[in-house]
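The following paragraphs go through a two-chain model step by step, beginning with one chain and ending with the contact between the two.

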Amino acid sequence: MAIDYAHFTPLTAWCGGMLIGLAVAMLLWLIGRIAGISGIVGGLLAPRAGDKAWRVAFVVGMLLSPWLYPLFHALPQPQIVAGPWRLIVAGLLVGYGSRLGSGCTSGHGVCGLARFSPRSIAATLTFMSAGFAAVFVLHHLLGI
Amino acid sequence: MTLIAALLSGLVFGCGLILAGMANPAKVLGFLDLAGRWDPSLVLVMGGAVTVALLAFARAKSGARALNGATLQIPQKRTLDRRLLLGSLLFGLGWGTAGFCPGPALVALGAGIPKAAIFVAAMLLGMLIFQFQQRD
């Protein structure tokens, strides 16, 4: 393993992480909810009515964030190497898997770890390992 | 008040992802590529986020109420099961396939990036498939 110092951005990574933590704290203290993105979005698709409004408001906030951000800082352009078919396969796995596993990087990886949940620790170890494995197989073994 | 709080939280969450570089799939894949040139940034993103979230949850005792009067909805389940592990496995495979997880995909969609729209549409379809399966 060689560390990629050219792309390693420890300061902005830590500060961005703290902002994510702040958003978690806001949602918890202000309205009593866990900031797990897959759970928030998944709840919008569920037939159960009644608690959809706050989910819509949160998702709208996320969608608007790249329009707020440039007021403070230059907006970086995301680089998406994957083509359409790869994005479709990835999206299906992420959508289905995060609902079956009751969470994703935010709900398990941030909120769950912060409350020392054994389920979230297991989930985070599992999806990290699977992510490493997927990149190894796709990038290094198959070269795609 | 509830809706404004949720909107603000979403805005802060999204800005955090952008500042951290996590709204960029190439950077996430740089972290997941242990065998290549490894970018450890994501470890620090999680470190910063968990540190702040720790303080938030430490003060949130069960039975406490949020500012809007709602009871805190904190998951109570602590046992591992097959669904949790299989779901996390599939999620991780998808995450490593394109470098997108749900939050960054929403941010990139908001920025108007067509490829993010493809990913989000497939992600919603995956969630719907899960949901229809649950009804049987």
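Two residues are taken to be in contact if their C-beta atoms, placed from the backbone, lie within 7 Å. With that in hand, and bearing in mind that this is a predicted model, one may look at how contacts in chain B are spread along the sequence: among those between residues at least 6 apart, 39% join residues at least 24 apart. Chain B contains six helices and one strand, and, read from the N terminus, its elements follow the order α-α-β-α-α-α-α. Along the principal axes, the C-alpha atoms of chain B fill a box of roughly 45 × 40 × 30 Å, and 54% of the 136 residues in chain B are buried.

The contact between the chains draws on 106 residues from chain A and 105 residues from chain B. On the side of chain A that touches chain B, at least two residues each are supplied by β1 (2-3), α1 (10-31), α2 (37-45), α3 (53-68), α4 (84-100), α5 (107-114) and α6 (118-141). Of these elements, α1(A) gives the largest share, with 21 residues. By class, the residues on this side of chain A comprise 72 nonpolar, 28 polar and six charged.

A strand pairing also links the chains, since β1(A) and strand β1 of chain B, residues 37-38, pair in the parallel sense over two bridges. Within this pairing, A2(A) has R37(B) of β1(B) as its bridge partner.

Helix packing across the contact can be followed next. Two packed helices are described by the angle between their axes and the distance between the axes. For α3(A) and helix α1 of chain B, residues 2-20, the angle is about 40° and the axes lie 6 Å apart; an angle that is neither under 35 degrees nor within 65 to 115 nor over 145 counts as oblique, and α3(A) and α1(B) are therefore oblique to each other. The crossing in which α3(A) passes α1(B) is right-handed. Among the residues that make this contact are W54(A), F58(A), M62(A) and L68(A) of α3(A), together with L3(B), L7(B), F13(B) and I18(B) of α1(B). The contact of α3(A) with α1(B) has 18 nonpolar residues and six polar ones, with no charged residue.

What is the angle between α4(A) and helix α4 of chain B, residues 82-98? These two helices pack at about 155°, with their axes 7 Å apart, and that angle makes α4(A) roughly antiparallel to α4(B). Here the crossing of α4(A) past α4(B) is left-handed. From α4(A) the contact includes R86(A), L93(A), Y96(A) and L100(A), and from α4(B) it includes R83(B), L90(B), F91(B) and W95(B). The classes in the contact of α4(A) with α4(B) are 13 nonpolar, six polar and two charged residues.

A single residue can close the account. L30(A) is placed in helix α1 of chain A, the element that gives the largest share of the side of chain A touching chain B. Is L30(A) buried or exposed? A residue counts as buried if 20 or more other C-beta atoms lie within 10 Å of its own, and L30(A), with 20 other C-beta atoms within 10 Å, is therefore buried. If its neighbours within four places in sequence are left aside, L30(A) is in contact with A5(B), A66(B), L67(B) and N68(B).

Key. Residues numbered from 1 in each chain as written. Chains lettered and ligands numbered in written order. Predicted model: local features only at pLDDT ≥ 70, side-chain atom pairs only at ≥ 80, totals over all residues. Helix = DSSP H or I, 4+ residues; strand = E, 2+ residues; numbered from the N terminus. Nonpolar A, V, L, I, M, F, W, Y, C, P; charged D, E, K, R; others polar. Pairing = 2+ DSSP bridges. Buried ≥ 20, exposed ≤ 12 C-beta atoms within 10 Å, placed from the backbone. Axes fitted to C-alpha atoms, helices over the stretch in contact; angles between N-to-C directions. Left-handed = near helix turned anticlockwise from the far one by under 90°.
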